[in-house]
Amino acid sequence: LALHVDDVLSTAVKTAFNGLAGNKGAVALRMSLFGADLCFVTVHLPAGSSPEAKEQRNAAMREVLRTLTTEFHSTERGASGEPLPG
């Protein structure tokens, strides 16, 4: 399977304290498998059930999506993020 994995890119997005702290945010991995582009994203967002907490989560997710879209689309394959060992 490893022979069919190409163009592996990874990045992290910090969302806590205006991107200065790493306790909230996302990690993403983009790769090509058998020629199909795949992207995996995991997030750790603010907790809570109040309307303010909900807005914080929504704002954090918007920031994650905006950053990932910018990073993964504004660079050529193989030139962005930290490549994972292969």
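This briefing describes the fold, the core, the salt bridges and one loop of a single protein chain. The model is predicted. The chain contains one helix and three strands, and read from the N terminus these elements follow the order β-β-β-α. Of its 86 residues, 24% count as buried.

**Overall picture**

- The accessible surface of the chain is about 5900 Å². Carbon and sulfur atoms account for 59% of that surface.
- Some contacts link residues at least 6 apart in sequence, and of these, 41% join residues at least 24 apart.

**The nonpolar core**

- Which residues make up the largest nonpolar core? The core has seven residues, namely Leu9, Val13, Ala26, Ala28, Val64, Leu68 and Phe72.
- Strand 1 (5–16), strand 2 (21–33) and helix 1 are the elements that each give two or more residues to this core.
- Helix 1 provides the largest share of the core, with three residues.
- Val13 is one of the core residues. Leaving out residues up to four places away in sequence, Val13 touches Lys24, Gly25, Ala26, Glu63, Val64, Thr67 and Leu68.
- Among these contacts of Val13, Ala26, Val64 and Leu68 are also listed in the core.

**Salt bridges**

- How many salt bridges does the structure hold? There are two salt bridges.
- Side chains of opposite charge can pair when their charged atoms come close.
- One salt bridge joins Arg62 and Glu55, and its closest N and O atoms are 2.7 Å apart.
- Is Arg62 buried or exposed? Arg62 counts as partly exposed, because its relative accessibility is 47%, a value between the limits of 20% for buried and 50% for exposed.
- Glu55, the partner of Arg62, has a relative accessibility of 40% and so counts as partly exposed.
- The other salt bridge is between the side chains of Glu63 and Arg66, with an N to O distance of 2.7 Å.
- Both Glu63 and Arg66 belong to helix 1. They are three residues apart, which is about one turn of the helix.
- Glu63 is partly exposed, because its relative accessibility is 30%. Arg66 is partly exposed as well, with a relative accessible area of 47%.
- Glu63 also appears among the residues that Val13 touches.

**The loop between strand 3 and helix 1**

- Where is Leu45 placed? Leu45 sits in the loop that runs between strand 3 (36–44) and helix 1 (51–73).
- Not counting residues up to four places away in sequence, Leu45 touches Lys24, Arg57, Ala60 and Met61.
- Leu45 and Met61 are 16 residues apart in sequence, while their C-alpha atoms are 7.7 Å apart in space.
- Pro46 is also placed in the loop between strand 3 and helix 1.
- Why does Pro46 count as buried? Pro46 has a relative accessibility of 17%, and buried means under 20%.
- With neighbours within four places in sequence left aside, Pro46 is in contact with Lys24, Gln56, Arg57 and Ala60.
- Lys24, Arg57 and Ala60 are therefore contacts of both Leu45 and Pro46, since contact means heavy atoms within 4.5 Å.
- Pro46 and Ala59 are 13 residues apart along the chain, and 10.0 Å separates their C-alpha atoms.

Terms used. Residues numbered from 1 in each chain as written. Predicted model: local features only at pLDDT ≥ 70, side-chain atom pairs only at ≥ 80, totals over all residues. Heavy atoms only, no water. Helix = DSSP H or I, 4+ residues; strand = E, 2+ residues; numbered from the N terminus. Buried < 20%, exposed > 50% of the residue type's maximum accessible area, 1.4 Å probe, protein only. Areas by Shrake-Rupley, 256 points an atom, 1.4 Å probe, with all protein chains shown as cover. Core = buried A, V, L, I, M, F, W, Y, C linked by side-chain atoms within 4.5 Å. Salt bridge = Lys/Arg side-chain N within 4 Å of Asp/Glu carboxyl O.
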